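Subject: Structure for your review

Dear colleague,

Please find below the structure that I am handing over to you. My notes on it follow directly after.

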Amino acid sequence: MQPGGTPSWVIRENASRPVLLALYLREALGIASPVELPRLRDVGPVGERLEIDRHDLLERQWRDWWAMTVEPEAHPSAVPLELVDAFETEVALPISGAEVLAAAIVPHAEAARAWAEWAHDGYRNASAARRGDSYRAYAGTIAEHEREVGRRAHSFELNVEVVPLTEPGVWWIGSMTVAVTDSLRSDASAFDDAMHPIIAELA
């Protein structure tokens, strides 16, 4: 709450490298989860798939890592984390319970890190070109919601990850985190329309 007891909202927009790395590795390893989230553009499986039982274990370990990556405070590891050397300081996995994932991602480290840097730079350049549009985009949608419901918006926090997905849209990827397609984020009117139900749900 802000001073005086008035509601406040915090929206953080980014294309964070941990999320980008996890999504790239999702593609490279042929992981289906989360099934509702579209695939990345121009990225696909690399190498041979593991046999079914081992691939199922890989998927489970990736899903656990994905939850920790998207919202680390809500999904803390039950055991200490250890850096995966091939990713320098960018990937840390549980010291136990992630052995299949740790072995599977190492061969993709160089490509994953290069792609994540490319995608993050693309977001940063697009964001700079909007010159302060981010605040306006969210503030306008919240103001419209307040007019519709006839009250101030409730206090809330929202994380927005802008990523190069194959389909335009907005998807929940955590309890307070959504993924937004970069092409949708660049279309101010369409982005406002897409974010309105998200804001309505929170505010």
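I begin with a local detail of the backbone: Glu88 lies in the loop that connects strand S2 (81-83) and strand S3 (92-94). The phi angle of Glu88 is near 55 degrees, which is a positive value in a residue other than glycine. Please note that the model is a predicted one.

Two further backbone features deserve your attention, and each is found in the loop between H1 and H2. Asp42 has its place in that loop, and the phi of this residue is near 60 degrees, again positive in a residue other than glycine. Asp42 is exposed, because its relative accessible area of 82% lies above the cut-off of 50%. Pro34 also belongs to the loop between H1 and H2. The peptide bond that joins Ser33 and Pro34 is cis, with omega at about -20 degrees. As background, most residues other than glycine have a negative phi, and most peptide bonds are trans.

Overall architecture

The protein contains 7 helices and 6 strands. Along the sequence, these elements follow the pattern β-α-α-β-β-α-α-α-β-β-β-α-α. For the 203 residues of the protein, a compact globule would be expected to have a radius of gyration near 17 Å; the protein has 18 Å, and therefore agrees with that expectation. Taken along the principal axes, the C-alpha atoms fill a box of roughly 55 × 35 × 30 Å.

Of the 203 residues, 43% count as buried. The accessible surface of the protein comes to about 10,600 Å², and carbon and sulfur atoms hold 53% of that area. Among the contacts with a separation of 6 or more, 62% are between residues 24 or more positions apart.

The sheet

An open sheet is built from 4 strands in the order S1-S4-S6-S5, and its pairing is mixed. At the edges are strand S1 (9-14) and strand S5 (170-174), each of which pairs on one side only. From one strand to the next, the twist averages 25 degrees. In general terms, the strands of a sheet pair through backbone hydrogen bonds, either parallel or antiparallel.

Going through the sheet in its order, S1 and strand S4 (residues 156-163) run parallel and are joined by 6 bridges. In this pair, Trp9 stands opposite Phe156 in S4. S4 also pairs with S6 in the parallel sense, over 5 bridges, and here Asn159 stands opposite Thr177 in S6. S5 and S6, in turn, run antiparallel and are joined by 4 bridges. These two strands form a hairpin with 2 residues between them, and Trp171 has Ala179 in S6 as its bridge partner.

How well is strand S6 (residues 177-181) covered? Of its 5 residues, 5 are buried. The cover extends to both faces of S6: Thr177, Ala179 and Thr181 are buried on one side, and Val178 and Val180 are buried on the other.

The nonpolar core

The largest nonpolar core comprises 57 residues, and those with the most contacts inside it are Trp65, Trp66, Phe87, Ile105, Leu158 and Val160. Helix H1 (residues 17-28) gives the most to this core, with 8 residues.

Val160 may serve as an example. Apart from its neighbours within four places in sequence, Val160 is in contact with Ile11, Arg12, Glu13, Asn14, Tyr138, Val178, Val180 and Met195. Two of these partners, Val178 and Val180, are on one side of S6.

The surroundings of Leu29

Leu29 is located in the loop between H1 and helix H2 (52-70). Is this residue buried or exposed? Leu29 counts as buried, because its relative accessibility of 9% is under the cut-off of 20%. When neighbours within four places in sequence are set aside, Leu29 is in contact with Arg49, His55, Leu58, Leu101, Ala104, Ile105 and His108. One of these contacts, Ile105, is also listed among the residues with the most contacts inside the largest nonpolar core. Leu29 and His108 are 79 residues apart in sequence, and their C-alpha atoms are 8.9 Å apart in space.

With kind regards

Technical notes:
Residues are numbered from 1 along each chain as its sequence is written. This is a predicted model: local features need pLDDT of at least 70, side-chain atom pairs count only at pLDDT 80 or more; totals for chains, interfaces and linings use all residues. Side-chain values use heavy atoms; hydrogens and water are left out. A nonpolar core is a set of buried Ala, Val, Leu, Ile, Met, Phe, Trp, Tyr and Cys residues joined through side-chain atoms within 4.5 Å. Buried means under 20% relative accessible area, exposed over 50%, partly exposed in between (1.4 Å probe, protein chains only). Contact means heavy atoms within 4.5 Å. Two strands pair if DSSP finds at least two bridges between them. Axes are lines fitted to C-alpha atoms, for helices over the stretch in contact, and angles run from 0 to 180 degrees between N-to-C directions. The radius of gyration is taken over C-alpha atoms; the globule rule is 2.2 Å times the number of residues to the power 0.38. Accessible areas come from the Shrake-Rupley method with a 1.4 Å probe; for residues, only the protein chains shown count as cover.
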